Amino acid sequence: MTEWVTWRTAMERALYGPDGFYRRPGAGPAAHFRTSAHNPVFAEAVGRLLLRVDERLGTPGRLDFVDMAAGRGELAAGVVEWLAAEAPEAARRLRAVAVDLGPRPEGLPEAVEWAGAAPSGVVGLVVANEWLDNVVCDVAEVGADGIARIVEVDTGKEVDTKEVDTDREVDTDKGAERLGAVPDAEQREWLARWWPLGVEPGARAEIGLDRDAAWRSLVDRLDRGVAVAVDYSHAAADRPRFGTLTGYRDGHQVPAVPDGTCDITAHVALDSCAAALGPGIETVLTTQRAYLRELGISGARPDLALASSDPLGYLRGLSRASSAAELTDPAGLGAFGWLLSFSGC
C-alpha cells in the first residue's frame, strides 16, 4: 500500500511511534550502533566537565547532571560511578537524571533517576549525545527544473536502488521517494541562510528548523549551567551536497527505510542550533577531539617502565589509552561536533 508522507512525518512514526525504533524493548541503541556513551572514558570526560561546571556555578547545594537520549543509561551510570570515586563531595550533591522514551533499564543504579522528558530548573550540566541527529526533519531536493521541493517517502514498502529521476516517483536507496510541494516561507528562509541548494538537480538538504527548536527548548530547561550537544555535524562552509540521511541496524549502515526496524539519522547543522538561542546565551562550537584534549583526555600510552613495576596498572593504562584514542580519533568519534551553550553562569 502506498502512503506518501514527508520525511519529517516518516521519521516521527518510525522512530517514536508506538512500534518505533526507540520504543522497542531489548538491548537498545547499543545493539545497532556504537556511540561515545558506550566508551567508559567518555563518562570520565563528562565527569571532568561536570566538575568544571560545578566550580563555575560556585558549588551549588544540588548539582544536576542530565543525560539526554540516554539509551540504556550507560553514560549516566558511568558519570555517577566516576564522580563517587574521584569527587565524593560533589557526588553527595549530585542529582543524575537519564532521559529516554523507553522503560527504566534493569540494573541501572538507584542513584540515577529515569524520566521521559528533561527536567526544568536544571542547575548543572545537560549532555545530549547523538540526540539532535534523531530529531525529525524535512528534506528538500532540487528537481530537474532547478526548483527545490520537499521530498516525500512511501512508508508502505521497501524498494531496490535505481537511478534517481527528480521529476517523477523514484526508487532510491532510501525507499520510494517523490518530490512534493515547495518549501514554505520559513523553510525557504532557513535554507537560504543555512543551506543554500542552488539549482543543480539532485542537490539535497535536511532542514534544521526542528533541531533548532529542540535545542532552544532544552537550553531553556537550564536555570544555571551548561548544555552540550555532541553529534555528527557540518558547518555552513562544508554542507554535504546531497544530504546525510541514512539508517543503522545491527551495527551496519543501511538505507533509511522508515519501517521502525532501523535508526534514521541525519547530521546536524550545529551552527544553526547555536544561532537559534536567545540573547544572553554564550555558545562555543568545537570538536570532540579538541574539547576532550582540553579536559585532559588523550590516547597517550603509559610509560613502558610501568610494565615491569606494575604490570596490571600498565594493562589498565593501555586499555584507557585505547578508549581515549577511540574518542579522539579525528577520522571517527573525535570529529563529532560539540556545541556548548552557557546559561546564567
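Two strands pair if DSSP finds at least two bridges between them. The model used in these exercises is predicted.

**Exercise 1. A hairpin**

Task: Find which residue of strand 13 is the bridge partner of Arg249, and describe how strand 12 and strand 13 are joined.

Solution:
- Step 1. Locate strand 13 at residues 252-254.
- Step 2. Count the bridges to strand 12. There are 3, and the two strands run antiparallel.
- Step 3. Apply the cut-off. Pairing needs at least two bridges, and 3 bridges join strand 12 to strand 13.
- Step 4. Read off the partner. Arg249 is bridged to His252.
- Step 5. Look at the turn. The hairpin has 2 residues between its strands, and Asp250 in the turn has a positive phi of about 50 degrees.
- Step 6. Check the other pairing of strand 12 (residues 246-249). Strand 14 (residues 263-265) is joined to it by 3 bridges, again antiparallel. Here Tyr248 stands opposite Asp263.

**Exercise 2. The open sheet**

Task: Work out which strands stand at the edges of the 7-stranded sheet.

Solution:
- Step 1. Write down the order: 4-3-2-5-11-16-15. The sheet is open and its pairing is mixed.
- Step 2. Take the ends. Strand 4 (112-115) and strand 15 (282-287) each have a single partner strand, so one side of each lacks a neighbour in the sheet.
- Step 3. Add the twist. On average, neighbouring strands are turned by 15 degrees against each other, direction ignored.
- Step 4. Zoom in on one pair. Strand 2 (residues 63-68) and strand 5 (residues 122-129) are parallel over 5 bridges. Within this pair, Val66 has Val126 as its bridge partner.

**Exercise 3. Helices on the sheet**

Task: State which strands helix 2 touches and which strands helix 6 lies across.

Solution:
- Step 1. Take helix 2 (residues 40-56). Its contacts are with strand 2, strand 3 (94-99), strand 5, strand 11 (222-231), strand 15 and strand 16 (337-343).
- Step 2. Give its direction. Helix 2 makes about 150 degrees with strand 5.
- Step 3. Take helix 6 (residues 209-219). It lies across strand 2, strand 5, strand 11 and strand 16.
- Step 4. Give its direction too. Helix 6 runs at about 145 degrees to strand 11.

**Exercise 4. Two packed helices**

Task: Describe how helix 2 packs with helix 3.

Solution:
- Step 1. Choose the descriptors. Two packed helices are described by the angle between their axes and the distance between the axes.
- Step 2. Fill them in. For helix 2 and helix 3 (residues 74-86), the angle is about 65 degrees and the axes are 8 Å apart.
- Step 3. Add the handedness. The crossing is right-handed.
- Step 4. Name residues. Helix 2 contributes Phe42, Val46 and Leu50, among others. Helix 3 contributes residues including Leu75, Val79 and Trp82.
- Step 5. Sort by class. The contact has 9 nonpolar, 2 polar and 2 charged residues.

**Exercise 5. The loop before helix 2**

Task: Decide whether Ser36 and His38 are buried or partly exposed.

Solution:
- Step 1. Place them. Ser36 is in the loop between helix 1 and helix 2. His38 lies in the loop between helix 1 (7-16) and helix 2.
- Step 2. Recall the cut-off. Buried means under 20% relative accessible area.
- Step 3. Test Ser36. Its value is 0%, so Ser36 is buried.
- Step 4. Test His38. Its value is 21%, so His38 is partly exposed.
- Step 5. List what Ser36 touches. Its contacts include Phe42, Asn129, Glu130 and Gln288. With Gln288 there is a side-chain polar contact of 3.1 Å.
- Step 6. Find a distant residue beside His38 in the fold. His38 and Leu75 are 37 residues apart in sequence, yet their C-alpha atoms are 7.2 Å apart.

**Exercise 6. Positive phi**

Task: Compare where Thr59 and Glu130 sit, and how accessible they are.

Solution:
- Step 1. Know the background. Most residues other than glycine have a negative phi.
- Step 2. Read the angles. Thr59 has a positive phi near 50 degrees. Glu130 also has a positive phi near 50 degrees.
- Step 3. Place them. Thr59 is in the loop between helix 2 and strand 2. Glu130 is in the loop between strand 5 and strand 6 (138-142).
- Step 4. Assign accessibility. Thr59, at 47%, is partly exposed. Glu130, at 11%, is buried.

Note on methods. Residues numbered from 1 in each chain as written. Predicted model: local features only at pLDDT ≥ 70, side-chain atom pairs only at ≥ 80, totals over all residues. Heavy atoms only, no water. Helix = DSSP H or I, 4+ residues; strand = E, 2+ residues; numbered from the N terminus. Axes fitted to C-alpha atoms, helices over the stretch in contact; angles between N-to-C directions. Contact = heavy atoms within 4.5 Å. Buried < 20%, exposed > 50% of the residue type's maximum accessible area, 1.4 Å probe, protein only. Left-handed = near helix turned anticlockwise from the far one by under 90°. Nonpolar A, V, L, I, M, F, W, Y, C, P; charged D, E, K, R; others polar. Polar contact = N/O pair within 3.5 Å; in protein donor to acceptor, adjacent residues only side chain to side chain. Lists of a residue's contacts leave out its neighbours within four places in sequence.
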